[in-house]
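Trainee: Please take one part of this model and look at it closely with me, beginning with the atoms that hold polar partners and going on from there to other places in the chain. I would like each term explained as it comes up.

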Amino acid sequence: MITQPVQVQNSGRQYLPDSTTDDLLELPAGDRSPNQFLLPLTAQVNRDDCLEIGGCDLFGLVQRYGSPLYVLDEETLRTACRQYRDAFRKYYPGESQVLYASKAWNCLAVCAIVASENLGIDVVSGGELYTALKAGVDPQKLYLHGNNKSLDELKLAIESGCTLMIDNWLELQTLADLVKGKNPVRIMLRLTPGIECHTHEYIRTGHLDSKFGFDPNQVDEIFKFVSQQSELEFVGLHAHIGSQIFELQPHQDLGSVMVQWLSKAAKYDLKIQELNIGGGLGIRYTESDDPPSIDEWVKVVCESVVAACQSEKIPLPKLLSEPGRSLIGSACVTVYTIGGQKTVPGIRTYISVDGGMSDNPRPITYQSVYRALIANRMSAPIVTQVTIAGKHCESGDILIKDAALPETRSGDLLVVMSTGAYNYSMSSNYNRLPRPAAVLVNQGEANLILQRETYEDLIRHDRLPERLK
Ligand code: LLP
């Protein structure tokens, strides 16, 4: 009998103490997608009562690669890519292109995997662009974002041949000057659509009071300016309204708002080629999270754009989207090793692990809630509620408050689920902790995709002035 809360992966139900192993091993039903599960799709329990992902048991992985460890499941990531791609094919009669918002997790291997699934990539800095190029991604499928791109970033983008998502006036003018008399560059304009959605205020971007994008009241002026620049090839419009969104209505509204602006652009003789609707679909972090499937999200987006184009009587643009979290969030878990414990009588028990806010800054930044399990004793009954503390010198470094777990021992492997998005990419060396390694698992094979940092790495960029030696 499996008594840890992992069976929600397959049943989608609340944790039931009497669920059986069969519930756990049941394959995902119908068109449910990875973003609706707590664990990667390949998760199963082996004969040693240990959790396996991608056919690799987590105990073995930690022995080989150390702890903490990010374990990324290739099949889950590829499944999410295919579900997006297939859904656009199913619901959109025109051309479409899914871009992976690589801010969720940008590294060579992840860029290469998503590109091999025919996804393009959205990058937001010279560093992300550089990584995607080094991974061999076709520049024609790269789109550079950013609300304050440096001159060097603009130049790298121009040189690479990627599309630039223009965010503000200064950037538009700087770029126009940079490319004068040169080959045209492809640009899209990012607008702030004025659409509210229910998510954490730090990750809301579509409301008018946002640092991103042009104020829609200025569209006439912008369209006029762009139409006069022969070196700026206007490709279309972009908007992104926020992240970890469970409602479908905001994206339905977004489709029609954006198409109205496209239709306005056409009046300035700007050739409409593409419309980028952003990302934002949420994922399941806890049993009570109930995000729509990838298929449902794509359906709403496509139907809204198609209907709006019909009513505006404009041809269907190539439809772009930029999911990040829902592509990779559920494909990864972080494995920690449990250390000491401290019980404050009548208050709580703290269990310390060998990582924390440096490998997952989301709890301390957004009060994000995660679920955990003990990977090396999967059938152990849940008997306790403990607080999982990171190892940083910071009281707020708590990964999970009140986690329901079996009895834990020092040396146990604690798995935190749904850590694929915005964990590694937001990680730091706070307290000079080396970043963990990451392994890609698939059909029993594990490949290192991020080497564990060493102490030597930590001082690589330190310089000691002569007089201090
Ligand atoms: N496109 C643009 C322009 C974006 O700004 C973002 C996310 C995305 C696409 C992808 O959104 P997604 O599909 O992943 O929701 N660090 C925060 C999330 C910040 C999201 C920033 N923009 C977190 O950990 O929750």
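Mentor: A nitrogen atom of the ligand lies 2.7 Å from an N or O atom in the side chain of Y366, which fits the cut-off for a polar contact, a pair of N or O atoms within 3.5 Å, where within protein one atom must be able to donate a hydrogen and the other to accept it, and residues adjacent in sequence count only if both atoms are side-chain atoms. Taken alone the ligand exposes 590 Å², and the protein buries 92% of that, with accessible areas coming from the Shrake-Rupley method with a 1.4 Å probe and, for residues, only the protein chains shown counting as cover. Please keep in mind that this is a predicted model, in which local features need pLDDT of at least 70 and side-chain atom pairs count only at pLDDT 80 or more, whereas totals for chains, interfaces and linings use all residues. Residues are numbered from 1 along each chain as its sequence is written, and side-chain values use heavy atoms, with hydrogens and water left out.

The side chain of E322 also has an N or O atom 2.6 Å from a nitrogen atom of the ligand, while in the side chain of R362 such an atom is 2.6 Å from an oxygen atom of the ligand. There are 20 residues around the ligand, and those that come nearest are S243, E322, R362, Y366 and Y422; a residue is near a molecule or strand if one of its heavy atoms lies within 4 Å of it. This shell divides into six nonpolar, eight polar and six charged residues, where Ala, Val, Leu, Ile, Met, Phe, Trp, Tyr, Cys and Pro count as nonpolar, Asp, Glu, Lys and Arg as charged, and the others, Gly among them, as polar.

From E322 we can step to D122, whose contacts include E322 as well as L99, Y100, A101, S102, K103, E128, Y143 and H145, when its neighbours within four places in sequence are left aside; contact here means heavy atoms within 4.5 Å. D122 is found in strand β6, residues 120-123, and helices (H or I, at least four residues) and strands (E, at least two) are DSSP runs numbered from the N terminus. With a relative accessible area of 0%, D122 is buried, a word that means under 20%, just as exposed means over 50% and partly exposed lies in between (1.4 Å probe, protein chains only).

From R362 and Y366 we can follow the chain onward. Q367 is in the loop between α13 (362-366) and β15 (372-374), and its phi is positive, about 55°, although Q367 is not a glycine. Q367 is exposed, with a relative accessible area of 55%. Q443, in the loop between β19 and β20 (445-450), also has a positive phi, about 50°, without being a glycine, and Q443 is exposed at 72%.

Another loop, between β18 (413-416) and β19 (437-442), holds S428, which counts as partly exposed at 27% relative accessibility. The side chain of S428 reaches the backbone nitrogen of Y430 at 3.1 Å, and beyond the four places on either side in sequence S428 is in contact with S358, L433 and R435. Although S428 and M357 are 71 residues apart along the chain, their C-alpha atoms are separated by 8.2 Å. By contrast, A403 and P434 are 31 residues apart in sequence and 26 Å apart in space, C-alpha to C-alpha.

A403 itself is in strand β17, residues 398-405, and is buried at 5% relative accessibility. Not counting residues up to four places away in sequence, A403 touches T384, Q385, V386 and I388. T387 lies in strand β16, residues 384-389, and is buried at 2%; its side chain makes a polar contact of 2.7 Å with the side chain of R348.

Lastly, consider the cysteines. A disulfide is a covalent bond between the sulfur atoms of two cysteines, counted when the two sulfur atoms are within 2.5 Å, and a search of the whole structure finds zero of them. The sulfur of C50 cannot pair because the closest cysteine sulfur, in C56, is 11 Å away, too far for a bond. C332 is in a similar position, its sulfur being 10 Å from the closest cysteine sulfur, in C107, also too far for a bond.
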